[in-house]
Amino acid sequence: MRHFFRFTLIAAFILLIPVLLISRTATFQDRPAITYFPATGSITFNQAETRLKQENNRVNWSVGSSVNRRVYLLQDFSILYKNNRLIAIINHWERNRISLFKSRSVKIDPGFYESLSMHQAEVHEDDLIYGKITRSGDRIYAGQIGGKLYTFKQARSKREIKLRQSYHNKINKEQSDLLAEAVKQYGIAREKYHVFPLSELFSKSSDEVFPSSGEGAQRISGQLMEGIYKTMVRGIQTPDGRLQSPVGSLMPLLLIGPDHLLVVIQTSNYQIALLRQQF
């Protein structure tokens, strides 16, 4: 039986209404969802990768995965941020496959680009559904000298270090302001939570992040990925009851408590939605 994700909405969050979202930079469609299922040892990811690479005045954004056996459903879902705001989504899935690959070309100008991807394999065995979810990501910095664009992933020169720091200073300020506004608006007891952006989850293991380990941490992570997916694909319902496209929204902040987590998302028109997931 499907173990559906249980996000309790504080600022309403609709999971059951398919919506076609057309943005200024991308078109998103409702498709088979990233859904948490109990893990099985019969599925292993041989490869799960996200890449950002400059090609002239564009960035090639590619996402791929492969598993050790043919599965009922294989899905790659990737979100791309520029300077901490969502600009595009890749949602690629196929049935009865062992591998996937998808790429897009996005116009690039000076800024910090970061892509976060969720990869899921689903199998049906003995009338039961099992799954495996893993994560990957990549980032690239873009600057300009004399009208010529250049990119780097690791800052080496003084110029690159200064540029990288300027981007992160701005992002850190945005995240700090968002947290302060959410604490004020929803009466959150800040001292009870460990706070970090969604991107940090993609650079650490689930055991490092959540107050659980092993299967428990994997379950929490899988259910969180399901909630993020549904929010990004079906839209963010704001406190005024409207459904907003996720394009232009800030990268979510995660607030990890002892028995639950909160997800704070600010839409492109500066409304703040607060989601809750019980462990």
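Is S221 buried or exposed? I looked this up before anything else, and S221 counts as buried, at 3% relative accessibility. A reminder to myself: this is a predicted model.

**Entry 1: around S221**

I placed S221 in helix 4, which covers residues 215–234. Next I asked what S221 touches once its neighbours within four places in sequence are left aside. I got R135, S206 and F210. With R135 there is also a polar contact, side chain to side chain, at 2.6 Å. The burial follows from the cut-off: buried means under 20% relative accessible area, so S221, with its 3%, goes in that class.

**Entry 2: the whole chain**

I stepped back to see the overall make-up. The chain has four helices and 15 strands. It runs to 279 residues, and 53% of them count as buried. I also checked how contacts spread along the sequence. Taking contacts between residues at least 6 apart, I found that 67% join residues at least 24 apart. For the surface, I noted about 13200 Å² exposed by the chain, with carbon and sulfur atoms supplying 48% of that area.

**Entry 3: salt bridges**

How many salt bridges does the count come to? I wrote down 11. I then went through some of them.

E125 pairs with R69, and their closest N and O atoms are 2.8 Å apart. This pair links distant parts of the chain, with E125 in strand 7 and R69 in strand 5, 56 residues apart. I checked how open each partner is. E125 is partly exposed at 23% relative accessibility, and R69 is partly exposed as well, at 28%.

R97 pairs with E94, and here the closest N and O atoms are 2.3 Å apart. I looked at exposure again: R97 counts as partly exposed at 28%, and E94 is partly exposed with a relative accessible area of 27%.

K173 and D177 form another salt bridge, with 2.7 Å between the closest N and O atoms. Where do K173 and D177 lie? I found both in helix 1 (residues 158–186), four residues apart, which is about one turn of the helix. D177 is partly exposed, at 39% relative accessibility.

I also came across a network: R85, K170 and E174 are linked by salt bridges.

**Entry 4: two positive phi angles**

I turned to the backbone here. N83 has a positive phi of about 50°, although it is not a glycine. I traced N83 to the loop between strand 5 (58–82) and strand 6 (85–107). With a relative accessible area of 22%, N83 is partly exposed. I wanted to know why N83 is not classed as buried. Buried means under 20%, so N83, at 22%, falls in the partly exposed class.

D126 was my other find: its phi is positive too, about 50°, and D126 is not a glycine. Which loop holds D126? I located it between strand 7 (111–125) and strand 8 (128–145). D126 counts as exposed, at 75% relative accessibility. The exposed class means over 50%, so D126 belongs there with its 75%.

**Entry 5: recap for next time**

I started at S221, buried in this model and in polar contact with R135. I ended at two loop residues with positive phi, the partly exposed N83 and the exposed D126. In between came the salt bridges, including E125 with R69 and K173 with D177.

Conventions: Residues are numbered from 1 along each chain as its sequence is written. This is a predicted model: local features need pLDDT of at least 70, side-chain atom pairs count only at pLDDT 80 or more; totals for chains, interfaces and linings use all residues. Side-chain values use heavy atoms; hydrogens and water are left out. Buried means under 20% relative accessible area, exposed over 50%, partly exposed in between (1.4 Å probe, protein chains only). A salt bridge is a side-chain nitrogen of Lys or Arg within 4 Å of a carboxyl oxygen of Asp or Glu. Contact means heavy atoms within 4.5 Å. Accessible areas come from the Shrake-Rupley method with a 1.4 Å probe; for residues, only the protein chains shown count as cover. A polar contact is a pair of N or O atoms within 3.5 Å; within protein, one must be able to donate a hydrogen and the other to accept it, and residues adjacent in sequence count only if both atoms are side-chain atoms.
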